Amino acid sequence: HTNYTHPQKKTFCVGGNTIHLVTVSACMRLARHRSRYSAIVRCLMDIRQAKIVKGRSINLALSHRGRQALKQVGMEDTIVSKGIPMHSRMIHSLNGTQSPIPYGKKGQVTLLMQRLDTPHSAETYSTTKLNFAHKLLNWSTETGAMTFLRADGTKEEIQADLIVGCDGAFSAIRKQFLRQSRFNFSQTYIPHGYLELTMPPINGEFAMKPNYLHIWPRNTFMMIALPNLDKTFTCTLFMPFDEFENVTTGDQVIEFFQKYFPDTIPLIGADALKRDYFRLPAQAMVSVKCSPYHLSDKCVLMGDAAHAVVPFYGQGMNAGFEDCLVFNEIMDQLNEDFSAVLPEYTRVRVPDDHAIADLAMYNYVEMRSHVNSKWFLFRKYVDNTLHMIMPRTVIPLYTMVTFTRTRYHEAVKRWHWQDKVRNDIVHSSLYKGL
Ligand code: EGU
């Protein structure tokens with residue numbers, strides 16, 4: 001039905017090439033107020049036609065926060081059906097021993113999604129249109145007018161009531177924010193890069209157990225393997241860029257794997273390993289923080305455009321989806337008045353996104369500094385045991401982040417507090433022991 005008392009508002013989502021985050025956010029609103037908003041999504045390229053996403057990792061972890069966002073728009077089941085549930089990690093020691101560590105209780109799983117399979121359903125909403133091959137050249141912070149370059153070389157100018165910038169870590173929308181007074185921005189590249197290798201199926205079956213995140217923790221380097229629907233595994237090697245430079249020939253690759261990941265050589269295949277290792281250069285990882293997330297009542301940043309995180313907490317997509325969810329909650333609270341909603345979104349969301357960016361970086365620093373397989377097993381053991389003894393008092397940080405909607409910054413606060421309590425317990429029992 002049409003709501004004649006409110007003029008229809010035009011929202012423009014820019015970006016969403018990779019996970020169609022935008023599309024989802026637009027749909028969320030539209031799902032409940034179809035007649036009040038039209039949403040147009042502009043992307044640089046059509047992810048559905050892209051055969052390979054050059055250099056970008058194809059795997060995305062979907063956990064509670066992301067699922068809640070999808071649920072709100074009735075997309076949870078469709079998306080979840082395309083994911084592979086992972087209930088545990090599998091730690092591979094240097095001597096070939098494999099040790100599983102569950103993520104949480106029974107039923108607490110993280111779904112592994114493929115980039116190309118994530119939401120395309122936006123067009124099922126009649127007021128939503130997807131446009132591809134449109135490059136944003138510029139936009140006006142005064143009028144909200146955007147200039148796009150189309151594939152045929154022609155330019156197009158479009159006016160919007162609200163611009164949603166979901167155009168990734170190197171956001172074109174965000175460029176205008178940088179020119180504003182009192183806009184904070186920082187970006188940090190970490191010294192590690194990553195490289196992806198494919199482990200093929202064996203006799204049509206997964207080469208290793210599929211419902212696990214396989215991890216080879218080796219201090220400064222680490223490899224993980226993630227299952228795909230086609231029964232392959234994507235192996236991701238994380239290593240400092242200078243170390244990548246030391247491995248330049250096929251024989252050196254084999255030598256390196258023989259030393260650190262010997263059990264994977266027969267599974268990936270020595271020839272494939274020698275070849276695929278050099279297929280693409282190691283990819284960089286960047287962390288981006290900024291604030292505020294809005295510019296007057298015209299524009300708002302979401303997802304990686306607002307907060308690119310390093311991939312060491314498996315929360316990038318979840319944090320982005322939760323941005324949409326929080327935005328919608330505020331839209332409801334404040335009667336969809338953009339001039340009130342946008343500042344409130346910044347106020348509520350910045351501390352949480354900064355907290356998850358910090359946590360992801362913390363996990364990177366921790367893994368890089370002293371995580372070998374024994375240490376990894378020990379730490380998770382301590383966390384889970386304390387939780388078992390005092391389930392209400394000690395909730396592992398990982399559980400709060402991955403399986404609840406506890407605000408990220410509150411999870412961090414609580415974690416610091418729990419650490420203090422734990423230390424007090426350890427100290428007082430030592431004291432009594434003396
Ligand atoms: C895809 C691409 C172990 C990195 C993170 C754990 C993914 C990732 C972990 C990529 C690790 C790392 C988690 C998932 C996931 C662990 C997670 C998917 C990492 C904390 C281009 N991470 N991914 N954490 O689970 O929660 O212990 O790099 F080695 S899925 Cl890196 Cl669950």
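Visitor: Helices (H or I, at least four residues) and strands (E, at least two) are DSSP runs, numbered from the N terminus, so which one gives the largest share of the shell around the ligand?

Guide: This is a predicted model, where local features need pLDDT of at least 70, side-chain atom pairs count only at pLDDT 80 or more, and totals for chains, interfaces and linings use all residues. Residues are numbered from 1 along each chain as its sequence is written, and side-chain values use heavy atoms, leaving out hydrogens and water. The largest share is that of S15, with 3 residues, while S3 (59-62), S14 (212-218), S15 (221-227) and H11 (338-370) each supply at least two.

Visitor: Which residues come nearest?

Guide: Among the 22 around the ligand (a heavy atom within 4 Å), the nearest are Arg89, Tyr103, Ile224, Phe238 and Tyr398.

Visitor: What are the distances from ligand oxygen to the side-chain N or O atoms of Arg89, Tyr103 and Tyr398?

Guide: A ligand oxygen lies 2.5 Å from such an atom of Arg89, with 2.7 Å for Tyr103 and 2.6 Å for Tyr398.

Visitor: Switching to rings, what does Tyr398 pair with?

Guide: Tyr398 pairs with Phe403 edge-to-face, at 6.3 Å centre to centre and 75° between the planes (ring centres within 6.5 Å; planes under 30 degrees apart are stacked, over 60 edge-to-face, the rest tilted). Arg89 also lies over the face of Tyr398, 4.9 Å from the ring centre (CZ of Arg or NZ of Lys within 6 Å of the centre and within 35 degrees of the ring normal).

Visitor: Which residues form a ring cluster?

Guide: Ring pairs link Phe221, Phe256, Phe257, Tyr260 and Phe261.

Note on methods: A polar contact is a pair of N or O atoms within 3.5 Å; within protein, one must be able to donate a hydrogen and the other to accept it, and residues adjacent in sequence count only if both atoms are side-chain atoms. Rings of Phe, Tyr and Trp (its six-membered ring) pair if their centres lie within 6.5 Å; planes under 30 degrees apart count as stacked, over 60 as edge-to-face and the rest as tilted.
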